Amino acid sequence: MKTKIAVAQGDGIGPEIMDAVLKIFNANDVQLEYEFVEMGKSLFDAGHSTGMTAAAKEAIEKYGILFKGPMETPKGKGVKSINVTARKVWNTYANQRDFRSLNGVNTVFSKAGIPINITIIRENIEDTYGGIEHLLTYDVAVGRRIITRPGSAQVIRYAFEMAQRKGLKKLACAHKANIMKLTDGMFLEVFQEIAKEYPDIEASDIIVDDLCMKLVSKPEMFEAIVLTNLQGDIVSDLCAGLVGGLGFAPSANIGDNISIFEAVHGTAPDIAGKGIANPTALLLSGIGMLRFLGFSSKAAQIENALLYTLEQGVHTGDFGDKSIPASNTMQFADAIIANLGKVPAKGAIEATADVEMKSHVAHLSKNKLTITKGIEEEMVGVDIFVETGDMQPNELAAIAKKQLTYNDNFDLVMISNRGTQVWPTGSIYTELVNEYRVRFEKKEGKTVTQRELLHIAADFSQDAKVCSVEFLMNFGGKRGYTLAQGQ
Ligand code: NAI
């Protein structure tokens, strides 16, 4: 019986490259049945604010797999990118991108004889992509970076499972926990915890800036890397550059129920309709989808035919040896079809045994968001963010201390500006903006309530413009907030 999937051809070059890829799949007798669904620009234009029809949504939710071409988000119409919405709505929490050197695609590394084979797993929902940003004053913008323990666990567990399934020996967690101690610190802590369940995989961690340096100098050090969303976004494009650019970058958005396979590049409006686009990235995404669905040997046959074809120097206009005439999209696909069954001299893919999709689904369905319960909490204080005009730190401290006359359970412990402590001690050389953070903490042995803390903020607002309030909490006896620079 064929496996049913939803296919959205996309906009611009989408239909051209999708036709080419499905032609290759059909020629290799891939046991898939496609339900074509309507998504993308024409749907936005027709007034569907989600960019898809109800029938498309239903089919995707029923089959759990969407194979999609690139889609255009109309600019200036106030609609959200369908690509981002789809990832969030269907909780595809892991973005997997497999980057490997391709024969015939020249890069500095291929010329130096250094093969690249790196998988990046990027958390796909959280981090700054929540888009929760505020102007606290006209001059001061803040964004919330949301990292959660259950969300981190989901993507990290997926990364270990993926590494195990692919037979990888190493998985690295890249982060900036030295600076972002609570957010990236949490991601790293969860990684180290889950790593204990996978003793066969060598788990290590690396600071993300060091990772970038090493990726461009010694990329062969890495097999797979798991990262938070924004850092993962940047690092995965860096890796695309290592193997020849976005035209060769496949992408899978994996969730428990729905997974989306697509190329990383966009709709290429400049060449749309000309039939000359390069279908390689979408084909590689499709090959990843076949593996995900368990059609491992079909995936290997197609990938070998692609590598063999590239090795022969066949190329579309956007890459390759200029002395060999470029093929158009369909000629390129036909060349791959003619080479099905052939194996490249370099980098041949070994087919692993086919596995039933059920086994993937079984491990993923164990990967639900799990909320931690029963942790002891203690309310310890409050950070009040205020806008002050031209006030100096000691003037602000005098006003802040007035609050203590209403409630002497607290101490004023610190004032900071742009995260750097400026009171009780600081440097005259710290330059100031007109927004400060004022920290009150409860005195030793006292207990405080949220109500009392909100009262401080309310009273404070009579003397200074309160922009934001953040509670200070301890969890399980550990501080749940960071100290200011210099505190
Ligand atoms: P783009 O990736 O479409 O194009 C950038 C350049 O790369 C262009 O010169 C294009 O001709 C070339 N290019 C891209 N894919 C190619 C291929 N397969 N073969 C040959 N050349 C290729 O990026 P751009 O111009 O920033 O975005 C165009 C549209 O695509 C926008 O509406 C954007 O929102 C959308 N987009 C959609 C994505 C998705 O559906 N996942 C991802 C990125 C952009």
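Which residues does Thr92 touch, not counting residues up to four places away in sequence? Before we get to the list, keep in mind that this is a predicted model. Thr92 sits in the loop that runs between helix H4 (82-89) and strand E4 (94-100). Leaving out those sequence neighbours, Thr92 touches Arg87, Asn124, Ile125, Asn253, Ile254, Gly255, Ile258, Ser259 and Ile260. With a relative accessible area of 0%, Thr92 is buried, because anything under 20% counts that way.

Now step back to the whole chain. The domain assignment splits it into domain 1 (1-92 + 255-373), domain 2 (94-251) and domain 3 (377-479). Look at the bounds of domain 1 and you'll find residue 92 at the end of one segment and residue 255 at the start of the other. Gly255 is also one of the residues that Thr92 touches. As for domain 3, its centre and that of domain 1 are 52 Å apart, taken over C-alpha atoms.

Next, some helix packing. Two packed helices are described by the angle between their axes and the distance between the axes. Take helix H1 (residues 14-27) and helix H12 (residues 329-338): their axes are 9 Å apart, and they pack at an angle of about 15 degrees. That is under 35 degrees, so H1 and H12 count as roughly parallel to each other. Their crossing is right-handed. On the H1 side, the contact is made by Glu16, Ile17, Asp19, Ala20, Lys23, Ile24 and Ala27, which meet Thr329, Met330, Ala333, Asp334, Ile336 and Ile337 in H12. Sort these contact residues by class and you get eight nonpolar, one polar and four charged.

A second pair to look at is helix H8 (residues 208-217) with helix H9 (residues 229-242), whose axes come within 10 Å and cross at roughly 5 degrees. H8 and H9 are therefore roughly parallel to each other too. From H8 come Val208, Leu211, Cys212, Leu215 and Val216, while H9 brings Gln231, Val235, Leu238, Cys239 and Leu242. This contact has nine nonpolar residues, one polar residue and no charged ones.

One last stop is Ile114, found in the loop between helix H5 (108-111) and strand E5 (117-123). Is Ile114 buried or partly exposed? Its relative accessible area is 24%, so Ile114 is partly exposed. Ile114 and Pro219 are 105 residues apart along the chain, yet 8.3 Å separates their C-alpha atoms. Pro219 is also among the residues that Ile114 touches, along with Ser101, Phe109 and Glu220, again not counting residues up to four places away in sequence.

Key
Residues numbered from 1 in each chain as written. Predicted model: local features only at pLDDT ≥ 70, side-chain atom pairs only at ≥ 80, totals over all residues. Heavy atoms only, no water. Helix = DSSP H or I, 4+ residues; strand = E, 2+ residues; numbered from the N terminus. Buried < 20%, exposed > 50% of the residue type's maximum accessible area, 1.4 Å probe, protein only. Contact = heavy atoms within 4.5 Å. Domains from an automatic or database assignment. Axes fitted to C-alpha atoms, helices over the stretch in contact; angles between N-to-C directions. Parallel < 35°, antiparallel > 145°, perpendicular 65-115°, else oblique. Left-handed = near helix turned anticlockwise from the far one by under 90°. Nonpolar A, V, L, I, M, F, W, Y, C, P; charged D, E, K, R; others polar.
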